[in-house]
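Hello,

Here is the structure I promised to pass on to you. Please open it next to this email and follow along as you read.

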Amino acid sequence: MYSLRTASLRLTFMLETRDLSKTYHSDGVDYEALKNVDLSISRSDCLAIVGKSGSGKSTLMHLLACLDMPTNGGVYFDGRDVSLLTERAKNSLRNEKFGFVFQQFFLNGRDTVFENVVLPLRIRGASAAEIDTNVGNAINAVGLTDKKFKKAKDLSGGEKQRVCIARALVSDPEVIFADEPTGNLDSVTGAAVEETLFNLNREKGITLVVVTHDSDLASKCDRVIEMKDGRIVSDTARLEAK
Amino acid sequence: MKTWDLIKTSNRNLFRNKLRTFLTVMAIFVGSFTLTMTNGLGDGMRDYVESQVKNIEGDRVIIVRKKVDRPVGGPRAGTPAEYKENNGEDGDADFDPNSVLMTEPQMETAAHDIAGVKSVTPRYNIKGEYIALDVGKKYQLDLGMLSEGINAKTEAGRPLSGDGQIIIPIGLARTMDAEIANLIGKTATVGYKLPDGKIKTVALEIVGVATKGFMTNYASFVSAGTAKQVHEDQRPKDLPDRFIAFTVQMNSNDAAAIENAKSKLAARGFEADTIADNDKRTYDAIGIFKTGMNLFAFVALLAASFGIINTLVIAVMERTKEIGLQKALGMGRGKIFAIFSLESVLIGFWGALLGSLGGIAVGLIANKVLIAVYASSFEGFSLFAFKPLSIALVMLLVCGIAFVAGVMPAIRASRLNPIDSLRYE
């Protein structure tokens with residue numbers, strides 16, 4: 001189980017990167033995907049990371065989400081350097097504190113909505129009671145209560161992505177990482193999915209990190225980070241109240 | 001993930017591609033089926049032989065012969081043994097090195113000073129002619145002796161308890177009286193030939209009817225004392241009396257004392273074996289036969305295990321994205337490994353279960369058919385015997401082989417990188 005050391009006196013950001021760099025090696029050639037990135041994300045932030053493909057936005061998200069190891073620098077979650085965590089603790093961190101929504105749905109079509117949503121809790125080994133409550137709530141929150149026991153393959157694209165959001169939500173995460181969440185959807189269903197995500201941010205205070213090249217989606221976020229060639233080139237906060 | 005969830009997940013994964021799973025299970029089925037059959041055959045033979053030798057018992061008796069270095073087989077087969085010069089006395093402690101025969105004093109000398117020895121009995125050479133009830137028909141008689149301490153299990157009556165008694169085989173008993181228990185206590189007339197060709201008769205009380213077995217199917221048995229009388233009558237008086245073997249009866253069945261006596265006798269130039277030693281040699285021969293047969297089945301299983309590897313390697317490729325997602329959502333390597341290993345073991349389990357059931361079914365049918373055909377020559381013989389422990393071991397072995405086959409694909413799955421896996425096309 002991942003536990004936080006809350007006794008820290010220093011005010012810390014929820015997620016921070018310091019001098020974060022990532023270099024890929026392939027065929028003897030080094031490719032610097034991220035160059036000395038410093039970024040601070042506060043609790044309940046609604047943040048978009050934008051940039052062209054190859055700008056390093058996905059790499060940044062993977063490092064923030066502990067899916068990858070930096071070459072240099074560090075990622076801090078609640079002030080703790082995650083590179084010091086064991087593999088098991090990192091797994092627990094992702095399982096309990098993070099939620100993921102991907103462009104591709106990664107749903108098991110032959111399973112029911114319920115079985116797809118329950119996955120993080122099964123991985124954790126949650127109790128039957130916890131599973132019942134949390135899965136019910138998560139499916140309810142994305143408005144799919146009546147489709148709970150339908151097979152995932154019988155759902156529309158927008159519904160599928162809402163199942164993915166329910167799956168991200170089921171473990172009561174502190175952060176949801178959404179990688180091109182509307183990339184596979186038409187504009188109407190995409191807007192509905194965006195709305196679901198923003199609601200979670202506004203009503204539950206879940207920190208939202210959206211990676212997208214859709215400037216329309218980015219403009220709806222409170223803060224937009226623009227990336228180019230592995231560096232942050234702009235960090236714009238929208239000033240009006242949520 | 002809880003263990004039960006892991007098993008459920010693995011089992012569900014298996015039935016995603018039913019045809020592929022079915023074919024892999026069938027390969028294992030063939031191997032398990034063969035192993036069940038070969039094992040059953042070995043057990044069946046052992047059971048039969050055991051039922052045949054177990055009816056002669058004696059836990060404190062050592063059977064002793066002079067050791068002869070006669071090459072039995074191999075390149076030296078047929079090589080004549082060299083004649084050894086000796087003083088020709090053939091005294092108590094000084095055996096004729098050119099003969100396997102022993103005199104009674106020689107036996108006494110060989111064994112009497114060994115701790116725990118109660119008595120030494122020569123194997124009296126006797127030959128019966130006929131046996132008859134009162135005025136009834138005469139039947140040919142195959143007569144043998146049981147040394148003190150050795151007994152034949154009886155179907156009716158009781159074992160030999162002294163001289164003047166006889167135990168008869170069940171076939172003879174049934175011919176004399178359909179109700180064999182009626183024979184117990186009756187007096188039989190036994191005839192045997194003297195050196196001059198005349199027949200001498202002796203009256204013996206039938207005390208028991210022996211249970212079936214290799215030795216007791218045809219022979220009747222008398223005690224050492226009775227055998228000695230017959231032997232004295234039958235032997236040529238002009239030569240010293242010599243015997244081919246003798247038995248040593250110990251005071252108790254204490255294993256250490258028996259081992260000590262055996263090694264002392266061996267050091268003195270004898271071959272000394274208990275009845276258990278003789279039985280063990282027979283069982284060992286069957287065991288070797290069974291192992292040889294099982295090897296063939298093992299080869300079939302080995303071939304099938306490559307089927308499992310193949311199935312799982314494909315499954316890992318097909319499910320790369322799913323593995324990537326599970327890892328992103330915090331599933332550890334161990335759990336991924338466990339899911340694929342369990343799938344492998346489950347394939348083994350289903351194959352082993354079907355193979356065992358199939359093997360048992362075919363074996364039982366074969367037994368029925370064979371009993372109908374060969375009942376007269378091998379009474380009580382089942383070609384296949386299926387023992388729960390044997391079956392359980394076969395299933396465990398197959399699951400073990402399946403697990404080993406699954407290790408490589410499972411490790412591959414557990415080592416997948418989540419980011420690359422999620423992007424896998």
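**Two helices side by side**

In chain A, helix H6 (residues 157-169) packs against helix H7 (residues 187-204) at an angle of about 15 degrees, and their axes are 9 Å apart. Because angles under 35 degrees count as roughly parallel, H6(A) is roughly parallel to H7(A). The crossing of H6(A) and H7(A) is right-handed.

If you would like to find this contact on your screen, look on H6(A) for Gly157(A), Gly158(A), Gln161(A), Arg162(A), Ile165(A) and Leu169(A). From H7(A), the contact takes Thr189(A), Ala192(A), Val193(A), Thr196(A), Leu197(A) and Leu200(A). By type, the residues of this contact between H6(A) and H7(A) are six nonpolar, five polar and one charged.

Before you go further, please keep in mind that this is a predicted model.

**A sheet in chain A**

Chain A also has an open sheet of four strands, in the order E2-E1-E4-E5, with antiparallel pairing. Which strands lie at the edges? They are strand E2 (29-41) and strand E5 (80-81) of chain A, each of which pairs on one side only.

Let us start at the E2 end. Strand E1 (residues 15-26) of chain A runs antiparallel to E2(A), and nine bridges join them. Within this pair, His25(A) stands opposite Asp30(A) of E2(A). The hairpin of E1(A) and E2(A) has two residues between the strands, and there Asp27(A) takes a positive phi near 50 degrees.

Now for the other end. Strand E4 (residues 72-77) of chain A and E5(A) run antiparallel and are joined by two bridges. Here Phe77(A) has Arg80(A) in E5(A) as its bridge partner.

**Chain B and where it touches chain A**

Chain B is divided into domain 1 (3-53 + 281-423) and domain 2 (104-112 + 120-274). The C-alpha centres of these two domains of chain B are 51 Å apart.

How many residues does each chain bring to the contact? Chain A gives 17 residues and chain B gives 14 residues. On the chain B side, the elements that give two or more residues are helix H8 (320-328) and helix H11 (418-423). H8(B) gives the most to this side, with four residues. The chain B side that touches chain A divides into eight nonpolar, three polar and three charged residues.

Enjoy exploring, and write back whenever you like.

Best wishes

Conventions: Residues are numbered from 1 along each chain as its sequence is written. Chains are lettered from A and ligands numbered from 1 in the order in which they are written. This is a predicted model: local features need pLDDT of at least 70, side-chain atom pairs count only at pLDDT 80 or more; totals for chains, interfaces and linings use all residues. Domain bounds come from an automatic or database domain assignment. Two strands pair if DSSP finds at least two bridges between them. Axes are lines fitted to C-alpha atoms, for helices over the stretch in contact, and angles run from 0 to 180 degrees between N-to-C directions. Angles under 35 degrees count as roughly parallel, over 145 as roughly antiparallel, 65 to 115 as roughly perpendicular and the rest as oblique. A crossing is left-handed if the near helix is turned anticlockwise from the far one by less than a right angle, and right-handed if clockwise. Two residues are in contact if their C-beta atoms, placed from the backbone, lie within 7 Å. Ala, Val, Leu, Ile, Met, Phe, Trp, Tyr, Cys and Pro count as nonpolar, Asp, Glu, Lys and Arg as charged, and the others, Gly among them, as polar.
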